[in-house]
Amino acid sequence: MRLVPDLAVPHRPFQRAAGRRHGALFSAVALTAAWLAIPVLLGQYEVFIAAQVMIYAVATLGLDIVYGRAGQLSLAHASFFGLGAYTAALSGPLGIPLWVQPELVVLLAIAGGIIVAVPTLRLSGLRLALVTLLFGELFDWAIDHSLALTGGSQGMTVAPMTIGPFNSQGTVDAYLLASIIALGATLLTRQLARSQLGRRMLAVRDSELASASLGVPIVHTKITAFILSAVFAGAAGWVYAYVVGFVSPTTFNLFASVYFLVAVILGGAGRITGAWLGSAYIVLVPEVFNLVGYPNLFPVLGGGVLIAIALFLPGGLVEGAALIRAQLGLHRR
Amino acid sequence: MPAAALADAAQVTLSGLATGGLYAVLMLGVILVFQVSKNINFAYGQTGMVGVFLSYFLYAVAGIPVVAALLAGLALALLVASLTDRLIIRNIPAREGFDLVVTLGELLLLTSLAQLAFGTNAQSYLKLLTNWTTVRGGVFINANDILCLLLGIAVTLGGHIVLTRTSLGTSLRASAADAAIAKSAGINVLGLRTAVWTVSGLLAWVAASLFAARLSVNAFYMTPIVINVFIAGMIGGLDRYWPPMIAAFTIALYQSWAIYLFGEAAGTPAVFILVILLLSLVPKRYLEERHEARA
């Protein structure tokens with residue numbers, strides 16, 4: 001046993017910090033290069049798909065906040081996504097000016113988040129999942145039964161957002177719009193993870209009893225998590241409608257909520273990179289199946305992947321990558 | 001009250017109680033699984049659905065005799081239920097809510113596999129007495145309704161008798177209360193648990209078959225039904241016996257009356273309003289999930 005401290009030890013934290021800084025810088029440069037290369041090197045359709053990955057990443061980050069960080073299983077997430085999408089879709093017919101719409105989406109999402117959060121504050125497990133699922137079903141029901149306004153189950157087209165030469169359904173413009181919102185959501189989530197609120201969420205997820213004994217405001221933390229999650233999903237849905245140009249209830253039903261859950265768990269709950277990997281999976285893999293002529297295989301794979309990841313790699317792909325790095329001796333010392 | 005209104009009321013009540021009978025059949029499976037293994041299976045309804053769809057395919061498409069097709073469907077439902085326990089539930093990591101997540105994955109998997117194998121169009125299943133109807137006092141009495149109601153009552157009473165009056169029930173309750181002590185007392189806890197999951201598959205198949213006879217069905221048809229059963233379980237409490245079983249009948253009756261009074265579209269919001277009211281009104285201690293260690 002070593003009783004005398006190793007003189008070499010104290011400088012290691014500085015080495016680690018420097019290593020982390022270099023790693024972060026390298027990642028930032030690589031990501032920026034990839035972001036610039038996509039619209040230059042790829043075709044219009046691929047750029048459109050990349051925009052969708054970014055939009056879904058924002059919504060997935062939202063579910064990651066409420067489920068991955070605060071531990072509240074929500075099966076109404078696709079409904080918040082739909083709330084934003086239908087706000088964009090209905091704004092044209094209802095004559096709501098463009099500059100009011102982002103504020104309106106945020107306000108509606110906050111209201112939706114509170115409406116879902118308040119009755120579920122005392123619940124966990126099955127009860128929480130069921131009540132959030134009921135909210136989702138109610139949203140679907142409302143869309144289906146407002147045929148004149150929303151087109152019901154047939155869906156409705158959405159006119160593009162136009163500001164001068166900018167057209168949200170133009171490929172590069174859609175890519176830019178999605179990039180802005182994805183960057184904002186990622187930075188916000190990163191900041192949240194470092195904040196007191198983020199740590200409170202983790203504490204509530206790990207043990208409500210212990211958190212309460214340490215003075216963590218459980219109710220406030222849970223409601224905030226639901227609101228943030230709803231705002232992320234609502235904003236993503238709003239951009240989605242303007243980029244894709246069509247909305248229908250099937251994009252926002254229970255199965256859509258399960259896909260968001262697949263994205264969070266596949267990537268790794270509570271991790272930003274995980275949310276991005278998960279959203280890439282739920283957007284890109286269906287496209288691959290479409291390309292090879294088997295579009296119906298994606299839901300089968302989705303179910304199988306959710307089971308396999310939850311059973312064999314509960315920390316998701318990010319944890320899997322860390323394990324592989326550790327096995328290969330590539331982990332940071 | 002005019003005779004026509006009385007007949008309508010009796011009709012709505014009978015229809016609601018018949019649906020409640022099938023909810024009770026499903027509920028017994030949910031309660032048994034929850035009490036013995038402390039898990040919730042979101043794919044419970046799909047377990048019965050795949051059996052029904054296989055039966056349909058075998059007799060309607062492949063031309064196999066109906067009885068053989070039904071037995072094959074039942075065997076598939078039992079296999080899926082027992083494999084869910086053996087391959088999935090027993091391997092779930094000890095993280096809160098992962099049984100819900102994993103069985104949501106199974107729900108997605110079974111639904112999409114059924115769509116892939118049997119198509120996405122709605123199908124008409126075996127009649128199972130739905131075409132035997134008589135009129136008594138202005139009320140259309142369907143033999144299938146009576147069968148569902150009687151089956152629900154029989155299963156409810158039978159479940160109670162098995163759980164409280166038999167050695168099997170004692171073993172089940174001992175395993176539910178403390179698996180380690182039950183094991184040390186010589187009870188084959190894991191075997192019993194798989195048997196319970198298999199029985200839940202049987203109950204899911206019976207209810208799915210009878211629902212399929214009453215509806216035009218696609219791969220999603222059991223999902224809203226099972227959601228209603230889970231809501232009844234949430235209201236009654238899955239660690240009890242009589243409250244959730246009675247809630248199963250009550251919620252079906254309530255929904256039936258809501259649809260009768262306010263139209264077909266009122267079914268979903270009526271259940272939603274009921275749940276929100278209950279959550280607002282019931283005491284906090286009633287909602288504490290002291291027995292839901294993992295669920």
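## Salt bridges, rings and a shared interface

B:D145 is buried, with a relative accessible area of 11%. That value, like everything else here, comes from a predicted model. The side chain of B:D145 meets that of B:R214 in a salt bridge, with N and O 2.8 Å apart. B:D145 sits in helix α5 (residues 143-165) of chain B and B:R214 in helix α8 of chain B, so this salt bridge ties together parts that are 69 residues apart in sequence. What about the other partner: is B:R214 buried or partly exposed? With a relative accessibility of 24%, B:R214 counts as partly exposed, because the cut-off for buried is under 20%.

Salt bridges with shared partners also join B:D85, B:R90 and B:R193 into one network. Within this network, B:D85 and B:R193 pair up with their closest N and O atoms 3.1 Å apart. B:D85 belongs to helix α3 (residues 66-88) of chain B and B:R193 to helix α8 (residues 189-214) of chain B, so here the bridged parts are 108 residues apart in sequence. B:D85 is buried, at 0% relative accessibility, and B:R193 is buried too, at 15%.

Over in chain A, the side chains of A:R205 and A:D206 form a salt bridge, with 3.2 Å from N to O. A:R205 is partly exposed, with a relative accessible area of 33%, whereas A:D206 is exposed, at 57%. Counting over all chains, the structure holds seven salt bridges.

Now to the place where the chains meet. How many salt bridges are there between chain A and chain B? The count is zero. Polar contacts do turn up across this interface: three residue pairs, with both residues at pLDDT 80 or more. On the chain A side, the elements that give two or more residues are α5 (125-144), α11 (254-267) and α13 (297-312) of chain A. Of these, α5(A) gives the most, with twelve residues. Sorted by class, the side of chain A that touches chain B has 28 nonpolar, eight polar and four charged residues.

How big is the interface? The size of an interface is often given as the accessible area lost when the parts come together. For chain A and chain B, the buried area is about 3,900 Å², and 78% of it is on carbon and sulfur atoms. A:R122, A:L126 and A:R127 supply 21% of the area that chain A buries against chain B, more than any other three residues. In terms of contacts, 40 residues of chain A touch 48 residues of chain B.

For a close-up of the boundary, B:F42 is a handy residue. B:F42 is found in the loop between α1 (3-37) and α2 (44-61) of chain B, and is buried, with a relative accessible area of 7%. Setting aside residues up to four places away in sequence, B:F42 touches residues from chain A, namely A:L75, A:L126, A:A129 and A:L133, as well as B:L100, B:T103, B:L104, B:L107 and B:F230 from chain B.

B:Q46 is in helix α2 of chain B. Is B:Q46 buried or exposed? B:Q46 is buried, with a relative accessible area of 1%. A polar atom of the B:Q46 side chain lies 3.1 Å from the backbone oxygen of B:A219. Leaving out neighbours within four places in sequence, the contacts of B:Q46 are B:L107, B:L110, B:T111, B:A219, B:M222 and B:T223.

Finally, the aromatic rings. A search of the whole structure turns up 23 aromatic pairs over all chains. In one of them, the rings of A:Y281 and A:F298 have their centres 5.7 Å apart and their planes at 45°, so the pair is tilted. This pair links distant parts of the chain, 17 residues apart: A:Y281 is in helix α12 (residues 272-291) of chain A and A:F298 in helix α13 of chain A. Both rings belong to buried residues, with relative accessibility at 12% for A:Y281 and at 6% for A:F298. Elsewhere in the list of rings, A:Y56, A:F81, A:Y86, A:F139, A:Y240, A:F252 and A:F260 are linked by ring pairs into a cluster.

Conventions:
Residues are numbered from 1 along each chain as its sequence is written. Chains are lettered from A and ligands numbered from 1 in the order in which they are written. This is a predicted model: local features need pLDDT of at least 70, side-chain atom pairs count only at pLDDT 80 or more; totals for chains, interfaces and linings use all residues. Side-chain values use heavy atoms; hydrogens and water are left out. Contact means heavy atoms within 4.5 Å. Buried area is the accessible area (1.4 Å probe) that two parts lose on being put together, summed over both. A salt bridge is a side-chain nitrogen of Lys or Arg within 4 Å of a carboxyl oxygen of Asp or Glu. A polar contact is a pair of N or O atoms within 3.5 Å; within protein, one must be able to donate a hydrogen and the other to accept it, and residues adjacent in sequence count only if both atoms are side-chain atoms. Helices (H or I, at least four residues) and strands (E, at least two) are DSSP runs, numbered from the N terminus. Ala, Val, Leu, Ile, Met, Phe, Trp, Tyr, Cys and Pro count as nonpolar, Asp, Glu, Lys and Arg as charged, and the others, Gly among them, as polar. Rings of Phe, Tyr and Trp (its six-membered ring) pair if their centres lie within 6.5 Å; planes under 30 degrees apart count as stacked, over 60 as edge-to-face and the rest as tilted. Buried means under 20% relative accessible area, exposed over 50%, partly exposed in between (1.4 Å probe, protein chains only).
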